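Q: Hey, I've just opened this one and I'm new to it. Can you walk me through what's in there?

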Amino acid sequence: MKLGIHEDTTNRKKLADLLRFHTSKSGEEQISLKDYISRMKEGQKEIYYITGESRASVAASPFIESLRKKGYEVLYLVDPIDEYMVQQMKDYEEKKLKSVTKEGLELDETEDEKKKREEEKAKFEPLCKLMKDILGDKVEKVVLGTRIDESPCVLVTSEYGWSANMERIMKAQALRDSSTSSYMVSKKTLELNPRHQIVEELRKKADVDQSDKTVKDLVWLMYETAVLTSGFSLDEPQNFAGRIHRMIKLGLSIFDEDKADDDDMPPLDDSAAESLDTNKMEEVD
């Protein structure tokens, strides 16, 4: 049926009526798209979905933290064919299907929430700019997000680019078109959670000294953990491991004073190390 959604334009609507999905609220049951619409929150204009490798992986995804808290239901699309299906089925009963892992997700906000978001945007603008400068072409931009509630940050793809799950599927294909891959693998946007303690403490530390070597290391760690939690794979896992090892050394008060500085892998200097006590290390963790 899902292949039919992709290929059979004439009967797409009839086939869509027959589809069944697990959701963030359905438990072990599967529901139809018609059921989903009947359960939508008042004022909700889009059908939210998330694609992934398994129900367990999407249920634990940071992308649905805020939606779940606000009471929105999210469809779990965990079959590989689902990625191809939603490319053709853009809407259902005049409700647009919206991926929660891509740009353009806008949740209803009260006037107070909008005002607070504008204040946070101004407050964190220097940190966003600094993180973009540090990460360079790894990300297209660094912004504040509203879709995350418990995690410090996530990586979001462009609305018309591949999702993390689609990138995984395409990389597994032996005869993939490399030219298409380079076009569809869009630049990522790093979305920060301004209410998370790690992000707030990083902002304070960057405000004191933007050239602090520890800040650079922490920015890279945040980016690389966001790569993993958002469903992507690391291009340079050895660098990520190196940063984790240096953080472990910091926690154990082990300092490598004789090693030369490296622009990509900046060592944690003694002064910065002394400023981070055990509690700070737990926050980073």
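**Strands, helices and cores**

A: Sure, and keep in mind that this is a predicted model. One place to begin is tyrosine 48, which stands opposite lysine 98 in strand 5.

Q: How do strand 2 and strand 5 run, and how many bridges join them?
A: They run parallel, and four bridges join them.

Q: What order do the strands have in that open sheet of five?
A: The order is 1-3-2-5-4, and the pairing is mixed. Strand 1 (22-23) and strand 4 are the edge strands, each pairing on one side only.

Q: And how does strand 4 connect up with strand 5?
A: Strand 4 (residues 91-92) runs antiparallel to strand 5, with two bridges joining them. Tyrosine 92 stands opposite lysine 95 there. The two strands form a hairpin with two residues between them. In the turn, glutamate 93 has a positive phi of about 50°.

Q: Back to tyrosine 48 for a sec. What is it in contact with, leaving aside neighbours within four places in sequence?
A: Quite a list: Tyr36, Leu67, Tyr72, Glu73, Val74, Leu75, Lys98, Val100, Leu105, Glu106 and Leu107. Tyr48 is also among the residues with the most contacts inside the largest nonpolar core, along with Ile50, Leu67, Leu75, Met85, Met89 and Val100.

Q: How many residues does that core have, and which strand gives the most?
A: The core has 34 residues. Strand 2 gives the most, with four. Helix 2 (12-18), helix 3 (33-38), strand 2, strand 3, helix 6 and strand 7 each supply at least two.

Q: Why would nonpolar side chains be together like that?
A: In soluble globular proteins, they tend to be buried together.

Q: Is there another core, and how many residues does the second one have?
A: There's a second, separate core of 31 residues, including Leu135, Val139, Leu192 and Ile198.

Q: Okay, new topic: helix 6. Which residues are buried there?
A: In helix 6 (residues 80-88), the buried ones are Asp82, Glu83, Met85 and Val86. They're on the same side of the helix, because they cover an arc of only 165° around its axis.

Q: What covers them?
A: The cover includes helix 1 (2-7), strand 2 (46-51), strand 3 (75-77), strand 5 (95-99) and helix 8 (164-171).

Q: Which strands does helix 6 lie across?
A: Helix 6 lies across strand 2, strand 3 and strand 5, and runs at about 115° to strand 3.

Q: What about the open sheet of three strands, what's its order?
A: That sheet goes 6-8-7, again with mixed pairing. Its edge strands are strand 6 (139-144) and strand 7 (153-156), each pairing on one side only. On average, neighbouring strands in this sheet are turned by 20° against each other, direction ignored.

Q: How do strand 7 and strand 8 run?
A: Antiparallel, with four bridges joining strand 7 to strand 8 (residues 188-192). Valine 156 stands opposite threonine 189 in strand 8.

Q: Which helix lies across strand 6 and strand 8?
A: Helix 7 (residues 111-135) does, running at about 160° to strand 6.

Q: Last bit, the whole chain. How many helices and strands, and what share is buried?
A: The protein chain has 14 helices and eight strands. Buried residues make up 46% of its 285 residues. The chain exposes about 15700 Å², with carbon and sulfur atoms supplying 49% of that.

Conventions: Residues numbered from 1 in each chain as written. Predicted model: local features only at pLDDT ≥ 70, side-chain atom pairs only at ≥ 80, totals over all residues. Heavy atoms only, no water. Buried < 20%, exposed > 50% of the residue type's maximum accessible area, 1.4 Å probe, protein only. Arc of directions from axis to C-beta. Contact = heavy atoms within 4.5 Å. Pairing = 2+ DSSP bridges. Axes fitted to C-alpha atoms, helices over the stretch in contact; angles between N-to-C directions. Core = buried A, V, L, I, M, F, W, Y, C linked by side-chain atoms within 4.5 Å. Areas by Shrake-Rupley, 256 points an atom, 1.4 Å probe, with all protein chains shown as cover.
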